[in-house]
Amino acid sequence: MTEILDDIVAEGERLLGIARDEGVPLHLLGGVAVRLHAENVPRVLDREYKDLDFAVPKKSGGPADKLLRDAGYDPHITFNAMHARERGLYFDDSHGRQVDVFIGSFRMCHQIDLSERIDNGDPTVPLAELLLTKLQIIEVNEKDIRDMVLLLYGHEVGDSDEDKVNGARIAELCSSEWGLWRTITANLERCREHVPDYDLDAADRDRISGRFDELLARIEEEPKSRGWKLRAKVGERKRWYELPEEVSQ
């Protein structure tokens with residue numbers, strides 16, 4: 001195998017290539033995955049990426065672990081032993097990078113089930129889940145907003161996964177869990193408010209803002225579950241999100 005590459009996007013593609021050759025269902029998520037889906041990137045939406053994030057189906061954590069070790073990454077022994085069923089953590093010390101592997105679901109501030117949405121041969125998680133893993137962050141930062149703006153710069157909202165952000169999927173998930181709804185809708189509004197911060201053509205800004213509005217409208221229109229309605233009565237009096245575990249090498 002080739003050595004770890006300096007260019008992190010190329011390195012993500014290298015690992016996906018190894019996974020494809022070895023039959024490991026490895027799927028990129030995070031900023032590098034957003035970048036792979038961008039046919040063209042306006043200069044104002046471009047950024048540097050520091051880490052790689054992947055997802056694998058349940059029972060594929062072992063093959064993914066072997067793949068990354070063989071590809072030159074050092075596992076976080078203690079963390080991986082404690083979280084073997086849901087997450088793996090690896091390091092590339094020479095480039096100062098971290099690689100996260102989420103197993104079966106993505107769990108940080110909220111849990112996004114991926115079990116029925118991956119293992120389909122695609123190089124990344126579906127666009128809806130790619131957006132959701134950014135939107136679920138409680139304290140969303142500028143780089144995350146930039147990624148979400150870039151994603152909607154190049155992709156319309158639709159009812160399928162075929163080169164579209166599946167708005168039906170996002171609305172469905174938000175309709176069954178009030179806490180997820182609360183975070184996702186707040187961040188969609190925040191992203192829409194920040195679209196004018198980027199020096200894009202007026203038509204591009206309007207198109208992106210309109211897509212954020214369409215997602216908000218779909219979520220609002222989706223019938224809410226009984227559990228959602230019961231939790232809504234409690235509201236913000238009870239914390240509705242998890243605090244991600246801080247991990248050091």
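Is Glu129 buried or exposed? Glu129 comes out at 0% relative accessibility, so it counts as buried. We'll come back to this residue in a moment, but let's get our bearings first. Keep in mind that what you are looking at is a predicted model.

Start with the whole chain. The protein chain has ten helices and nine strands. Its C-alpha trace spans about 50 × 45 × 30 Å along the principal axes. How does that fit with its length? A compact globule of 249 residues would have a radius of gyration near 18 Å, and the protein chain agrees because its own value is 18 Å. Buried residues account for 52% of the 249 residues. Looking at contacts with a separation of 6 or more, 68% of them are between residues 24 or more positions apart. As for the outside, the protein chain exposes about 12600 Å², and 44% of that comes from carbon and sulfur atoms.

Now for the charges. Side chains of opposite charge can pair when their charged atoms come close. Searching the whole structure turns up 20 salt bridges. One of them brings us back to Glu129, which forms a salt bridge with Arg117, with the closest N and O atoms 2.8 Å apart. Arg117 sits in the loop between β7 (111-113) and α5 (127-135), while Glu129 is in helix α5, so this pair ties together parts that are twelve residues apart in sequence. Arg117 is buried too, with a relative accessible area of 15%.

Helix α5 has another charged residue to look at, Lys134. The side chain of Lys134 meets that of Asp144 in a salt bridge, at 3.0 Å from N to O. Asp144 belongs to helix α6 (residues 142-154), so here the pair ties together parts that are ten residues apart in sequence. Both ends are tucked away: Lys134 is buried with a relative accessible area of 7%, and Asp144 is buried with 4%.

For a salt bridge inside one helix, try Arg218 and Glu214, whose side chains meet at 3.4 Å, N to O. They are four residues apart in helix α9 (residues 202-221), which means about one helical turn separates them. Arg218 counts as buried at 19% relative accessibility, whereas Glu214, at 31%, counts as partly exposed. Elsewhere, salt bridges that share partners join Arg47, Lys134, Lys143, Asp144 and Asp147 into one network.

On to the aromatic rings. There are five aromatic pairs in the count. In one of them, the rings of Trp178 and Trp181 have centres 6.0 Å apart and planes at 40 degrees, so the pair is tilted. These two residues are three apart in helix α8 (residues 178-194), so about one helical turn lies between them. Both Trp178 and Trp181 are buried. Trp178 also pairs with Trp240: their ring centres are 6.1 Å apart and their planes are at 80 degrees, so this pair is edge-to-face. Trp240 is in the segment after α10 (226-234), so its pairing with Trp178 in helix α8 ties together parts that are 62 residues apart in sequence. Step back, and ring pairs link Trp178, Trp181, Trp228, Trp240 and Tyr241 into a cluster.

Rings and charges meet as well. The charged end of Arg239 sits over the ring of Tyr241, 5.7 Å from its centre. Likewise, the charged end of Arg207 sits over the ring of Tyr153, 5.2 Å from its centre.

Key: Residues are numbered from 1 along each chain as its sequence is written. This is a predicted model: local features need pLDDT of at least 70, side-chain atom pairs count only at pLDDT 80 or more; totals for chains, interfaces and linings use all residues. Side-chain values use heavy atoms; hydrogens and water are left out. Rings of Phe, Tyr and Trp (its six-membered ring) pair if their centres lie within 6.5 Å; planes under 30 degrees apart count as stacked, over 60 as edge-to-face and the rest as tilted. Buried means under 20% relative accessible area, exposed over 50%, partly exposed in between (1.4 Å probe, protein chains only). A charge sits over a ring if NZ of Lys or CZ of Arg is within 6 Å of the ring centre and within 35 degrees of the ring normal. The radius of gyration is taken over C-alpha atoms; the globule rule is 2.2 Å times the number of residues to the power 0.38. Contact means heavy atoms within 4.5 Å. Accessible areas come from the Shrake-Rupley method with a 1.4 Å probe; for residues, only the protein chains shown count as cover. A salt bridge is a side-chain nitrogen of Lys or Arg within 4 Å of a carboxyl oxygen of Asp or Glu.
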